[in-house]
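Open the model in your viewer and set it to a cartoon display. Keep a selection tool at hand, since each stop begins with something to pick.

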Amino acid sequence: MAIYLPGTAEDQALPLDEMTPREIVAELDRYVVGQAAAKRAVAIALRNRSRRQKLPPELAEEVMPKNILMIGSTGVGKTEIARRLAKLTGSPFLKVEASKFTEVGYVGRDVESIVRDLVEIAIDMVRDEKLDEVEDRAELAAEERLIELLMAQSGGASEVPEVTDGPTQDDKPVVNGPPKAVSKERLLAQLREGKLDERMVEIDARERAMPQIEVMSNLPPEEMDAGSRNEMGGLKDMLSNIFSQRTRKRPMKVAEAFEYLTQEEESRLLDMDQVTRIAVERVEDSGIVFLDEIDKIAGREGGHGPDISREGVQRDILPIVEGTTVNTKYGMVATDHILFVAAGAFHVSKPSDLIPELQGRFPIRVELLPLKVEDFLRILTEPRASLTRQAIALLETEGLKLEFAPGALEEMARFAFEVNETTENIGARRLHTILEKVLEEISFEAPEIVKAAGAPSDKVPKLVERSTGAGTERVLVVDRAYVEKQVAGIVKNQDLSRYIL
């Protein structure tokens with residue numbers, strides 16, 4: 001799968017298996033500030049996936065993925081690295097929270113659902129790829145069926161009225177003159193030009209309102225084993241397919257009928273057995289699971305209340321991580337070569353609180369460092385969709401041009417660092433609260449500022465005129481003094497800052 005890498009001078013496309021670890025890190029740098037160790041670990045793991053694909057089959061089978069454990073406080077970039085990793089790879093990717101799972105015997109999700117969900121994601125990916133391949137053929141077949149319907153429902157080619165480029169009425173083309181003979185080629189040309197879009201045609205459409213199929217069981221889904229769930233799911237699919245074959249005549253506009261027939265042809269051309277086979281192979285060879293909040297299940301036997309199942313969840317996760325075979329409705333799926341990236345803040349617990357067997361399945365450990373003032377400043381300015389760029393774009397929809405002075409950005413970065421130091425450290429998420437507090441009055445009065453061509457109150461900065469090539473424009477500049485005015489008092493009052501920021 002091609003990965004799109006915007007460059008400074010020219011944009012380029014580069015397949016993931018051709019990207020070096022340095023290029024993978026450079027791509028992550030565009031979205032995640034700092035955390036070089038975590039990026040290097042992820043880049044090496046991804047590169048090893050492509051290296052393994054080039055080995056002889058008997059040796060490739062023995063090369064196991066080196067799972068990664070990311071350790072760091074909230075808001076330092078663990079989840080963001082995972083999000084960007086998902087977009088960077090063409091592999092099936094699933095992000096789950098370990099705290100959502102329970103030990104077998106408790107009510108809740110079982111860990112095998114991780115693999116089942118990953119297979120569903122892979123099937124959607126492969127289906128979309130295959131639909132792109134058959135799209136042109138499906139559209140040609142849909143055009144052919146639609147032309148035949150138009151001619152058949154008009155009593156033959158000699159009675160098909162021709163739409164001309166004459167006057168229109170209510171934005172609809174007017175059919176000039178009596179029906180006359182139109183060749184199939186001419187009708188096809190009119191269809192492609194959109195001249196027939198408003199004409200009505202009657203097609204055989206499947207019933208949309210299918211009866212609700214429910215398969216009853218005396219056990220809730222959480223307490224069923226995987227085999228029972230798959231059997232019930234297969235029975236439900238079979239019954240739904242039987243009822244979905246019912247059709248009825250439905251009048252549609254030509255444009256709507258074309259879309260409907262195209263989807264029908266795509267479904268007919270799509271080989272779902274092949275899609276399933278490729279998806280399962282892709283999960284087994286290159287699937288990636290990001291297991292977040294793993295610190296929430298760290299704990300040994302002897303806990304009380306809801307904590308008693310923590311070690312049980314770890315023991316249930318263990319076989320999935322070390323390699324096992326999971327039964328899904330698409331067949332058996334081996335997890336031996338799925339890459340697991342786990343992450344946790346480990347504020348209360350520590351990695352050594354995990355059971356030794358699970359610790360051994362995450363041999364690569366990287367610590368994400370707390371953010372400094374310089375990191376906060378880079379987060380505000382460097383990413384393509386930084387918080388300041390988002391704020392500028394949002395206010396520009398109101399017609400208000402906003403600009404942040406360098407001193408204002410430095411002051412917001414310093415405030416974010418100070419509040420994290422004196423209260424709970426929530427990392428880069430603190431910038432959201434700081435920025436929203438700074439822009440609160442501006443966002444509230446933005447429509448009035450634009451309408452009055454000036455600040456309606458002394459709570460927001462005055463508009464500044466700037467010369468441009470096309471003349472002058474009025475810009476609202478947020479400077480250091482304005483940031484201090486909005487935030488400084490709250491930051492100094494620690495009790496208040498705990499509630500506000």
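The tour visits two sheets, the helices on them, and then the nonpolar cores. The model is predicted.

**Stop 1: the sheet of five strands**

Select residues 68-71, which form strand β3, together with residues 339-344, strand β12. These two run parallel and are joined by 4 bridges. Add side chains to find I68, which stands opposite V341 in β12.

Now extend the selection to the whole sheet. The sheet is open, with 5 strands in the order β4-β9-β12-β3-β13, and its pairing is parallel. Its edges are β4, at 93-97, and β13, at 364-367, and each of these pairs on one side only. Looking along the sheet, expect an average twist of 15 degrees from one strand to the next.

Next, select 113-153, helix α5. This helix packs on the sheet, where it touches β4 and β9 (288-292). The direction of α5 makes about 145 degrees with that of β4.

**Stop 2: the sheet of three strands**

Move to residues 471-478, strand β16, which pairs with β15 in the antiparallel sense over 6 bridges. One place to check the register is L463, opposite L476 in β16.

The sheet here is open too, with 3 strands in the order β14-β16-β15 and mixed pairing. β14 (401-404) and β15 (463-468) are its edges; each has a single partner strand, so one side of each is left without a neighbour in the sheet. The twist averages 45 degrees from one strand to the next.

Which helix lies across β14, β15 and β16? Select 429-452: this is α15, and it runs at about 140 degrees to β16.

**Stop 3: the nonpolar cores**

Keep α15 selected and show side chains. The largest nonpolar core has 60 residues, and those touching the most other members are M70, M412, V438, L439, I442 and V478. The element that gives the most to this core is α15, with 8 residues.

Centre the view on I442. Which residues is I442 in contact with, leaving aside its neighbours within four places in sequence? They are L395, L400, L402, V460, P461, L476, V478 and Y482. Of these, L476 is the residue of β16 that was seen opposite L463.

To finish, select V111, V119, A279 and V333. They are among the 39 residues of another core, which lies apart from the one around I442.

Notes. Residues numbered from 1 in each chain as written. Predicted model: local features only at pLDDT ≥ 70, side-chain atom pairs only at ≥ 80, totals over all residues. Heavy atoms only, no water. Pairing = 2+ DSSP bridges. Axes fitted to C-alpha atoms, helices over the stretch in contact; angles between N-to-C directions. Contact = heavy atoms within 4.5 Å. Core = buried A, V, L, I, M, F, W, Y, C linked by side-chain atoms within 4.5 Å. Buried < 20%, exposed > 50% of the residue type's maximum accessible area, 1.4 Å probe, protein only.
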